[in-house]
Structures are given as structure tokens and as C-alpha cells.
Amino acid sequence: MSQDSRALVAVLGGGQLGRMLAEAGRHLGVDCRVLVPDSDVPAQAVAPVITASWHDDEALRSLAAGAAVATWEVEHVPVQTVERLARLVPVRPAPSVLAAVQDRMQQKRLLDSLSIATAPWAAPADLDACREVLARLGLPLVAKSRRGGYDGRGQRILRREGDLAAVWQEFGPDGLIFERFVSFTDECSILSVRGQDGEIRHWPVVENRHRDGILITTLAPHPAWSPVLQARAEAIATALLRRLGYIGVLAVELFRCNDLLLVNEIAPRVHNSGHWTIEGSDCSQFENHLRAVLGWPLGDTTARGFSAMVNCLGTMPDPLVGDAPGTHRHDYGKRPRPGRKVGHLTVVSSTAIERDARLTALLKRLSDHAIPATTT
Ligand code: AMP
């Protein structure tokens, strides 16, 4: 139980996002308490953890007790769990947000209804309908499970018609969508926050570099940043935030095709491509999410110079390998496992040239020490 002078935020999920939320709360006078189905989670180092199933009503009552508000750090929580929690404590963003975006098909419909551009898509109900989609959209296609996918999991690229039946067998029974494969210039994202009074602030658009569907590096601001790029991304995020009556931080992942932006997906939570904001922005995504859900005034989203964030996958590098001027190390305290996000490093500089030089040197040191995620 938190002391009276401190606010308590209940959080569904206790991964690294929950951990960084709790860390951000410390200097705000905010405590976090988390509920997770698994034991041994990153947030346990900084917040009390309730380990129970998402369907455990007693655990939800314990989570909500004394909390001013509840939120989530993972979007794959059952909507029913969030609705039950909302009867005990205000939940922000609202449970309806989760229902609107958890299923990729619903998410695409939401984007279509706002006339926001995406890759052409379809949600076929059977194998015959898949063949029609293939004829209409052409190859290659990206097949994605409607629910539960992340970091490129739950998706396949379909390059040959002959693979259609196998893809349908893999994803069809649980629901799938097909998207046309986009030959993008690069991938980017915008993170935005909306407060309870409806105020919206945006961080600068960033570039995200992936490998095998997993984010490796974020450059902030985007190297091709321009007022026009920012305005286009802000217009998309603003339309979504308003339609959803959203409170908190929202991430919109985008494909940039020269001047055109297509939405890849929406993440209704703090996001990996916003980790740079901890050191690289006046107010981090984590602090602003807490501020928004608590109904507090929002912090300044201006970037402090130029940042690069590098994910550490599999294992954390030796501290000396990651050590360099302007470099900040975040270790999530996870057990090493191939491909697992176990931490990140953020480089901050006053100029883009210096940031790029520091990033190149850092990637080289990581590669020399065979840190798997960062060898390209
Ligand atoms: P997602 O899990 O939907 O964010 O996808 C993971 C990664 O797969 C993205 O960051 C892209 O690199 C790639 N990807 C997803 N959808 C498409 C698409 N329609 N066209 C091309 N690449 C895609």
C-alpha cells in the first residue's frame, strides 16, 4: 500500500515497460503495483508484483486496492480482465481502446474509417476467399495472425501461390489478415500522449531499423525529419487519439514511402521506439503516460538534441563494451535467451553528426564483442 502522499498506479503487465513506468514514477511521487501471470518479471526489481492469472478476480481486487488509476503495459490482456478491473478503479486508456485495437482486423477497420492509409488488406474467412484476396492484392503478401502477434511473430511472407494452403492451415483457424507487402523507404513511428483534458503532445517522428521483425535501432529525430513529415504523422496520431477518446501514450508504427505514410500498426501503450525519450526528451514517454492517466499536466515532449537507442537482444553487453560518452545503459534484469530483449543502450548528442559517430562506434564495439543483436 502506498503512503497517502504518494499516488498509486495499478499496472497490468510487469515486463520492461512496466519496470520503466515504475522507475519514472519514483521522482514523481508515484508508486506502481503490477499484476502479471508469470513470476520473475523485470518490474519486480522496482514495484510490488502480484502473480496471478488474468482471470483471478481476487488478484484484480488486490491490484486495485488503494490505486488512483489502472493502466496496462501490454496489449494482450483479455478485454474482459480490463473491463472487470474498470469496475474497481478507473482504467486509462479505457477498455474500449483495447477492444478496438487488439484484433488486427478491427484495427484496420478503425484506420479505414478515419481514411488513414495502410497497406491494402483483407481478412478472408476461408481458403477460397484467400485465393480471391491473392488474385486481388497480388504477391508477395504478408499473412498476420489477427491476435497475439508482436515483434514479427505470428506472421509469414507469402511469395508463392503454392504456399497459400500451408499459411491458411497455420493462421486460418485463429483468424488471419493479409496485407500487401510494402516496399517502404524506411520504417518510422510517432509517439503521442493525450491528457484527460484532451491536450495532445507529440514526440518527434523517429526512424526504426528492424531485423527479422525485431526493432534493433531507433534514431531520434528521424534522419529525414521535416516539418511536413512531422505534421503528417501528427495528423494520423491526433485523429486516432480523438476517435478513441484516448488517455495516455499511443505509438503509431509507420511505413514511409518517400512522402507517403502508411500505418503498419498501433500500439496502445508505451513503446520500444520511445525508450530514447528517457534521456533524449524533456519528459519521457513513461513519465508522460503516468501524468496522463493520473490526470496531471503533461510534460514537455521536446527532444534534447539527437538520440539513438540500440536494443540488446539475447544477452547484455559487458558494461565496459557499452560504456562511452553520452551512452546510457538500461539492463532489464532478464535472464539471457536468444533474441530476447534484455536491455537497451541510448546515445545522446548535441548534433546529429556526433550522434551518428557515437552510434557507429558503439555498434562496432558490440559487433567486435559478438553481441548478437547488434551485429549487422
Ligand atoms: P509487425 O509485427 O506488424 O509490426 O511487423 C513486424 C515487421 O515486419 C515490421 O516492422 C516490418 O519490418 C515487417 N512488415 C510487417 N508488415 C509488412 C508489410 N505489409 N510489408 C512489408 N513489411 C512488413
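Let's start with the lining of the largest cavity. By class, that lining has 3 nonpolar, 3 polar and 2 charged residues. Keep in mind that this is a predicted model. Who are the residues? Glu 187, Cys 188, Asn 208, His 210, Glu 253, Leu 254, Phe 255 and Asn 264 line the largest cavity. Which strand gives the most to this lining? That is β13, with 3 residues. β9, at 186-194, and β11, at 206-211, each supply at least two. The space inside is about 40 Å³. And how many cavities of 30 Å³ or more does the structure hold? The count is 1.

Now the ligand. 17 residues surround it. Among the closest are Lys 144, Glu 179 and Val 182. Glu 187 is also one of the closest, and Glu 187 lines the largest cavity too. The shell around the ligand has 5 nonpolar, 5 polar and 7 charged residues.

Where does the shell come from? Four strands each supply at least two of its residues: β6 (141-145), β8 (176-180), β13 (248-257) and β14 (260-267). Domain 2, residues 120-180, and domain 3, residues 186-368, both give residues to the shell, so the ligand lies between them.

Next, the atoms. A ligand nitrogen is 2.8 Å from a backbone N or O atom of Val 182. In the side chain of Asn 264, an N or O atom lies 3.1 Å from a ligand oxygen. Asn 264 is also in the cavity lining. For the side chain of Arg 104, an N or O atom is 3.4 Å from an oxygen of the ligand. How much of the ligand does the protein cover? On its own, the ligand has 480 Å² of accessible area, and the protein covers 92% of that.

Definitions and conventions:
Residues numbered from 1 in each chain as written. Predicted model: local features only at pLDDT ≥ 70, side-chain atom pairs only at ≥ 80, totals over all residues. Heavy atoms only, no water. Near = heavy atom within 4 Å. Polar contact = N/O pair within 3.5 Å; in protein donor to acceptor, adjacent residues only side chain to side chain. Areas by Shrake-Rupley, 256 points an atom, 1.4 Å probe, with all protein chains shown as cover. Nonpolar A, V, L, I, M, F, W, Y, C, P; charged D, E, K, R; others polar. Domains from an automatic or database assignment. 1 Å grid on protein atoms, 1.4 Å probe; cavity = no way out; pocket = protein on both sides within 12 Å on 5 of 7 lines; lining within 4 Å. Points joined across faces, edges and corners; volume = space filled by probe spheres on them.
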